[in-house]
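Please look through the model below. The paragraphs after it go through one part at a time.

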Number of protein chains: 2
Amino acid sequence: MTESICSSSSCAQCGFRSSIFSSLTDEQLKELTVQKSFHKVGKGEVIVEQGSSINGFIFLRVGLAKLARINPDGREQIAGIATPNDFVGLLSIFSSKTYKYSIIAIEDSEYCQVDYQLVMDLVETNGKFSKSLLEKFSSVSDLLVGTRLELELRQLRGRVAFIICYFANEIYKDKTFNLPISRKEIAELIDMRVENVVRTLSEFRRDKIIKIEGTTIEILDQEKLKWIKMHG
Amino acid sequence: MTESICSSSSCAQCGFRSSIFSSLTDEQLKELTVQKSFHKVGKGEVIVEQGSSINGFIFLRVGLAKLARINPDGREQIAGIATPNDFVGLLSIFSSKTYKYSIIAIEDSEYCQVDYQLVMDLVETNGKFSKSLLEKFSSVSDLLVGTRLELELRQLRGRVAFIICYFANEIYKDKTFNLPISRKEIAELIDMRVENVVRTLSEFRRDKIIKIEGTTIEILDQEKLKWIKMHG
DNA sequence: TATCAAATTTGATTTTTAACAACGTAACTA
DNA sequence: TAGTTACGTTGTTAAAAATCAAATTTGATA
């Protein structure tokens, strides 16, 4: 998919206006509007490449992206999923020169990139902005760590149930949704093997807990799924 | 252990001076010195209780502390270990009203507590301080997530080897050290069961990879341990 | 449309880990 | 000091997950 300039001329209308950027002055907002670059990427496209040097902040406006890293042995791990209005790649942005994770769109996505120095200038000059940034940073990191610990607490069936509930409740807010990631990616996200993920999904289908049609998943038995998520 | 007032009258001499607080003006530093409370705790003592309301920032000066959470089913997980000059409990501090983790000393420790509002005021008024705080925050979160992912990549033997190397290289910088946590706590840290941790340690001892005397561990075969850490 | 590569699926088997049980030991306490 | 409790240890068994193998489906491409 080709990248194009954002149609909205000002960042004032952006979803971030209401969160991070709400504290900016008109002048700062204008500077941001002029400086930022807007990008559209299709599913599967790489937004940020692991190991590349950090040159800006990335704000996901629309879509979904995975935070992934490839280990020396070639195995890929997915640390988490970034949702709209998330700062992505935020984790190491202030403490590393290079991105430690790739950010890859798992749905058609739109994001804005803002120059690193501009954000740092805002941090230095606008206290309220710093505060918002710290809050955002905090909630993103906290959620990431919390989710990993939640997953570690469970075994295969519980983890798969957790992820289905996660997409249904947190991401799509609907009991029917298009699973944006492959079985292999689910496995990489919950630290299990593809075969076991597939087997578990088939099991859930056999037990009439979920319905699978292509990439669409429908939760049929919310109660049972929740039970497995909590005790399975 | 009874808590006492810090002997050093000013925060200027503190280890944090060189990191987070280096950007403070003399006046701000004085305010900090007056406001902060200094505490000493013995091994095992609770610095922060999970679920209690957040009322301040905690800076670990001396010692070691574990970041632990107890799950509804009573199982404890250790998210990570805080080392001197770490901000602890930082993770959710800007995004939650209550601590999501208990912070418990695993060695005799000293820490300072600074009022939440004072730090927030500094964030709002001192841009350089905000920047330092973001950097610290970033590196702490990044390390925490990175370590969890590293652990997930390994199985039992690799995880135990990882933890031994972690204490030897990162914490004590010595091939001989006093293990500050119990077998059960190692298990909670690497998401395995006590029995398996014990068995693995015994195995390492039998294979002359480590020597165990009471709580003291000595790495005998650095190479073999590293190999297990990477491939075991 | 034919072909190829990747993803999905199921089965069989092995390896890894958890669970259970039992016992020694060290630390704490009445 | 005796008793209690948590910790550490080892063995045995059961459960869970990884691995290996093979077939099928799907999707992209020539």
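The buried residues of helix 2 of chain B pack against helix 3 (127-152) of chain A and, within chain B, against helix 1 (26-35), strand 3 (56-62), strand 8 (109-115) and helix 3 (127-152). Contact here means heavy atoms within 4.5 Å. Helices (H or I, at least four residues) and strands (E, at least two) are DSSP runs, numbered from the N terminus. Helix 2 of chain B covers residues 116-125, and its buried residues are B:L118, B:V119, B:M120, B:L122 and B:V123. Buried means under 20% relative accessible area, exposed over 50%, and partly exposed in between (1.4 Å probe, protein chains only). At the start of helix 2 of chain B, the backbone nitrogen of B:Q117 has a side-chain oxygen of B:D115 within 3.1 Å. A polar contact is a pair of N or O atoms within 3.5 Å; within protein, one must be able to donate a hydrogen and the other to accept it, and residues adjacent in sequence count only if both atoms are side-chain atoms.

This is a predicted model, in which local features need pLDDT of at least 70 and side-chain atom pairs count only at pLDDT 80 or more, while totals for chains, interfaces and linings use all residues. Residues are numbered from 1 along each chain as its sequence is written, chains are lettered from A and ligands numbered from 1 in the order in which they are written, and side-chain values use heavy atoms, with hydrogens and water left out.

How are the two protein chains related? Two copies of a chain are related by a rotation about an axis and a shift along it. Here a turn of 180° and a shift of 0.0 Å along the axis lay chain A on chain B with an RMSD of 0.0 Å. That is the relation of a two-fold axis. The same surface serves both copies, as 100% of the contact residues of chain A recur in chain B. Copies are superposed by least squares on the C-alpha atoms of residues with pLDDT of at least 70 in both.

Next come the charged pairs. Over all chains, the structure holds 28 salt bridges, a salt bridge being a side-chain nitrogen of Lys or Arg within 4 Å of a carboxyl oxygen of Asp or Glu. One of them joins A:E150 and B:R69, with the closest N and O atoms 2.8 Å apart. This pair crosses between chains, from helix 3 of chain A, which holds A:E150, to strand 4 (residues 65-70) of chain B, which holds B:R69. A:E150 counts as partly exposed because its relative accessibility is 23%, whereas B:R69, at 10%, counts as buried.

Another salt bridge is formed by A:E188 and A:K184, whose closest N and O atoms are 3.2 Å apart. These two residues are 4 residues apart in helix 5 (residues 183-190) of chain A, so about one helical turn separates them. In chain B, the side chains of B:R157 and B:E203 meet in a salt bridge (2.3 Å, N to O). That pair links distant parts of the chain, with B:R157 in helix 4 (residues 156-172) and B:E203 in helix 6, 46 residues apart. A:K66, A:E76 and A:E185 are linked in a network of salt bridges.

The model also contains DNA. Around DNA strand D there are 14 residues, of which A:Q155, A:L156, A:N196, B:R199 and B:S202 come nearest. A residue is near a molecule or strand if one of its heavy atoms lies within 4 Å of it. Of the atoms of DNA strand D that come within 4 Å of the protein, 63% belong to sugar and phosphate. Phosphate oxygens of DNA strand D lie 3.2 Å from a backbone N or O atom of A:R193 and 2.5 Å from a polar side-chain atom of B:S202. Helix 6 of chain B gives the most to the surface near this strand, with 4 residues.

Which residues come nearest to DNA strand C? Of the 15 residues around this strand, they are A:R183, A:S202, B:Q155, B:L156 and B:N196. Sugar and phosphate make up 66% of the atoms of DNA strand C that come within 4 Å of the protein. The largest share of the surface near DNA strand C, 5 residues, comes from helix 6 of chain A. A base nitrogen of DNA strand C is 2.9 Å from an N or O atom in the side chain of A:R199.
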